[in-house]
Amino acid sequence: YIGLGDGRVMVIAENLIDATIDLVRYMMKGGEEIITFYFGEGITSENNKEIQIKVKDLYPSVEIEFHDGSQPLYPYIFAIE
């Protein structure tokens, strides 16, 4: 699995959850308040829950939202604000 940002590969991981968490960690600079995840086709509520738990462990004060984006190619697209 790869994580893309700024038009290039930022992370490579052996599974989807690790790739997503690694990309979040790479993109967080400090002071962010919310991460909005848009999940694609085939993503389960268990996937979302696991990501939410891991992100909260790393960044307890950040608000996390999940929305069904139904995109066919990307399991997750997210914005950090």
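**Exercise 1.** How many aromatic pairs does a search of the whole structure find?

*Solution.* The model is predicted. The search of the whole structure returns 3 aromatic pairs. Two of them are worked through below.

**Exercise 2.** Classify the pair F37 and F66, then place both rings in the fold.

*Solution.* Step 1: take the geometry. The centres of F37 and F66 lie 5.0 Å apart, with 15 degrees between the planes. Step 2: apply the cut-offs. Centres must lie within 6.5 Å, and planes under 30 degrees apart count as stacked. The F37 and F66 pair is therefore stacked. Step 3: locate the residues. F37 sits in strand β3 (residues 34-39) and F66 in strand β4 (residues 63-68), so the pair ties together parts 29 residues apart in sequence.

**Exercise 3.** Are F37 and F66 buried, partly exposed or exposed?

*Solution.* Buried means under 20% relative accessible area. F37 has 0%, so F37 is buried. F66 has 21%, so F66 is partly exposed.

**Exercise 4.** Is the pair F37 and Y76 stacked or edge-to-face?

*Solution.* Step 1: the ring centres of F37 and Y76 are 5.9 Å apart, and the planes meet at 80 degrees. Step 2: planes over 60 degrees apart count as edge-to-face, so F37 and Y76 form an edge-to-face pair. Step 3: F37 in strand β3 and Y76 in strand β5 (residues 76-80) are 39 residues apart, so this pair links distant parts of the chain. Step 4: Y76 has a relative accessible area of 10%, so Y76 is buried.

**Exercise 5.** Which residues form one aromatic cluster?

*Solution.* F37, F66, Y76 and F78 make up one cluster.

Conventions: Residues numbered from 1 in each chain as written. Predicted model: local features only at pLDDT ≥ 70, side-chain atom pairs only at ≥ 80, totals over all residues. Heavy atoms only, no water. Phe/Tyr/Trp six-rings, centres within 6.5 Å; stacked < 30°, edge-to-face > 60°. Helix = DSSP H or I, 4+ residues; strand = E, 2+ residues; numbered from the N terminus. Buried < 20%, exposed > 50% of the residue type's maximum accessible area, 1.4 Å probe, protein only.
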